Each structure stands twice: as structure tokens, then as C-alpha cells.
Amino acid sequence: SHGHCWPKSFPEDTSVRVPMLLRHPGRTPEKRHSDLLFGALDIMPTLLGMLGLEIPEACQGQDLSHAIYRRDDNLVESQPLFYMRPAWRGVYTKRYTYSVDEFEGAERYITGRDWRVFYDRERDPHQMNNLYFSTHAKDVAIKEHLHALHEEWLERFDDPFLSGNELLRRLDIGEGHLNDPGEGILKAPPI
């Protein structure tokens with residue numbers, strides 16, 4: 001969709017929105033649809049919370065079991081969107097999708113893609129109208145708020161917004177071409 005030549009790695013719902021199915025007999029109501037914003041990082045701590053087990057301090061997600069049991073679908077304001085190949089980050093709220101990338105000039109031209117998006121999914125459920133470059137005052141104000149949320153997520157995770165290749169270099173775990181779709185093969189360091 002959206003003219004993309006591969007199915008994942010993009011901020012649109014067709015790529016980032018994946019349903020989460022939970023069942024805890026006697027605790028979760030049957031056939032309930034929840035609008036709670038729930039991200040991949042929240043899976044492990046939430047499942048541990050549902051089981052009454054300790055959540056490791058190193059866990060970066062949050063335990064949302066209490067929100068699930070209380071049917072509190074408004075507990076979470078946003079979820080982070082992040083991708084390393086190519087490098088883009090963003091934020092997902094109940095109504096909006098926002099993302100930015102770190103490409104400049106020739107790099108943007110080489111990738112042939114632009115991950116700078118701002119969608120109002122309530123007015124535009126199929127994300128066909130990118131408001132990122134809109135100059136309307138209301139759009140600008142919302143975009144500034146979303147960017148602030150995005151910055152909070154970067155700070156929370158101490159994320160320097162590295163590309164996949166730069167991340168590999170800094171971790172000294174090998175080389176790769178993570179910004180080139182289809183070439184994500186890592187060369188393991190010699191043992």
C-alpha cells in the first residue's frame with residue numbers, strides 16, 4: 001500500500017498496526033475490543049504482570065495489565081514508533097501518526113522514500129493525506145505536540161537516533177547494509 005515496494009518498515013497502519021489478542025480466563029472479559037495503545041515493548045512486562053511475576057528493571061516497556069483488567073483504554077497517550085533500517089522514529093496516538101527521518105538531500109533521493117509523515121487517522125483513516133508539510137495553524141500546533149512526544153520517547157530510551165549501520169558500528173558487532181532494503185545481511189565479527 002501507499003506505493004511502497006515492501007510491506008513493513010513504514011509508519012502507516014498497514015505496517016505498524018498489529019492486533020494484540022489476549023485471553024486470561026476469569027480476568028479479561030470475553031469478546032471485548034480495546035483501544036488501549038499497546039506496543040511491542042509492552043508485551044513482556046504486561047504478560048509478567050498478568051501472571052503476578054516480577055518485571056526486570058531493565059525492561060523498557062510498561063506493565064499494562066492493570067489497564068486491561070480495569071478496562072482503562074485511555075491510560076496510554078502515545079506509543080513510540082522506531083525503525084533502524086532505514087532510520088526513522090515517530091509516535092502513534094489514538095488519532096495521529098507522526099514520524100521523522102534523518103535523511104538529508106542526496107540520501108533522501110537515493111532511498112527514494114520519505115518517512116516524514118503526519119496523519120490524522122480520524123479524518124483520513126487510510127492515511128492518504130500527509131499533513132507533514134501543512135502550514136495550517138491547527139496542523140502545525142498538533143505536529144509540534146507530536147514532535148514533543150517523539151522527543152520524550154527518544155529521551156526516555158536514551159535514543160541518539162542512529163541508523164542501523166551506525167548502530168552496528170557503535171556496538172562493534174559487525175557490518176551490514178541496513179539502509180538498503182533487501183540487503184540486511186550482517187557479517188558476524190570473527191571469533
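These legends walk through several close-up views of a predicted model.

**View 1. Strand β2 sits between two neighbours.** Start with strand β2, which covers residues 87–93. On one side, β2 is joined to β1 by seven bridges, and the two strands run antiparallel. To find one of these bridges, look for Tyr83, whose partner in β2 is Trp88. β2 also pairs with β3 (residues 96–101), again in the antiparallel sense, this time over five bridges. Here Gly90 is a handy marker, with Ser99 as its bridge partner in β3. Both connections are hairpins: two residues lie between β1 and β2, and two residues lie between β2 and β3.

**View 2. How much of β2 is hidden?** Seven of the seven residues of β2 are buried, so the strand is largely enclosed by the rest of the structure. Follow the side chains and you'll see them split into two sets: Ala87, Arg89, Val91 and Thr93 point one way, while Trp88, Gly90 and Tyr92 point the other way. Both sets are buried.

**View 3. Strand β4 joins in next to β3.** Moving along, β3 and β4 pair in the antiparallel sense, with four bridges between them. Ser99 is worth spotting again, as its bridge partner in β4 is Val117. β4 itself takes in residues 117–120. Val117 and Tyr119 point one way from this strand, Phe118 and Asp120 point the other way, and all are buried.

**View 4. A nonpolar core, with Tyr98 in the thick of its contacts.** In soluble globular proteins, nonpolar side chains tend to be buried together. In this model, the largest nonpolar core has 15 residues, and Val91, Tyr98, Phe118 and Leu146 have the most contacts inside it. β2, β3 and α5 each supply at least two residues of this core, and α5 gives the largest share, with five residues. Zoom in on Tyr98 and leave out residues up to four places away in sequence: what does Tyr98 touch? Its contacts include Leu81, Val91, Phe118 and Leu146, along with Lys143, His147 and His150.

**View 5. A second core, set apart from the one around Tyr98.** This separate core has 12 residues. Among them are Phe10, Ile68, Val76 and Trp88. Trp88 may look familiar from the strand views, as the bridge partner of Tyr83.

**View 6. Ala67, tucked into helix α3.** Is Ala67 buried or exposed? Ala67 belongs to helix α3 and is buried, with a relative accessible area of 1%. Setting aside neighbours within four places in sequence, Ala67 is in contact with Leu36, Asp72 and Leu75. If you'd like a distance to check, try Thr46: Ala67 and Thr46 are 21 residues apart in sequence, and their C-alpha atoms are 9.7 Å apart in space.

**View 7. The largest pocket and its lining.** Rolling a probe the size of a water molecule over the atoms shows where empty space is left. The largest pocket holds about 1400 Å³ of space. There are 43 residues in its lining, and those nearest its centre are Val18, Pro19, Met20, Leu36 and Phe38. α1, α3, β1 and β2 each supply at least two lining residues, and β1 gives the most, with five. Sorted by class, the lining of this pocket has 23 nonpolar, nine polar and 11 charged residues.

**View 8. The second largest pocket.** About 280 Å³ of space lies here. Of the 17 residues that line this pocket, Phe82, Met84, Arg89, Phe157 and Asp159 are the closest to its centre. β1, β2 and α5 each bring at least two residues to the lining. Which strand gives the most to this lining? That's β1, with four residues. The lining is made up of 11 nonpolar, three polar and three charged residues.

**View 9. The largest closed-off cavity.** The count comes to two cavities of 30 Å³ or more, and this view shows the largest, with about 50 Å³ of space. Its lining includes Leu41, Asp42, Gln60, Trp153 and Phe157. The elements that give two or more residues to the lining are β1 and α5. Four nonpolar, four polar and two charged residues make up the lining of this cavity.

Terms used: Residues are numbered from 1 along each chain as its sequence is written. This is a predicted model: local features need pLDDT of at least 70, side-chain atom pairs count only at pLDDT 80 or more; totals for chains, interfaces and linings use all residues. Side-chain values use heavy atoms; hydrogens and water are left out. On a 1 Å grid over the protein atoms alone, a cavity is a set of points where a 1.4 Å probe fits but cannot get out, and a pocket is an open set with protein on both sides within 12 Å along at least five of seven lines; lining residues have an atom within 4 Å of a point. Grid points are joined across faces, edges and corners, and a volume is the space filled by probe spheres set on the points. Ala, Val, Leu, Ile, Met, Phe, Trp, Tyr, Cys and Pro count as nonpolar, Asp, Glu, Lys and Arg as charged, and the others, Gly among them, as polar. Buried means under 20% relative accessible area, exposed over 50%, partly exposed in between (1.4 Å probe, protein chains only). Two strands pair if DSSP finds at least two bridges between them. A nonpolar core is a set of buried Ala, Val, Leu, Ile, Met, Phe, Trp, Tyr and Cys residues joined through side-chain atoms within 4.5 Å. Contact means heavy atoms within 4.5 Å.
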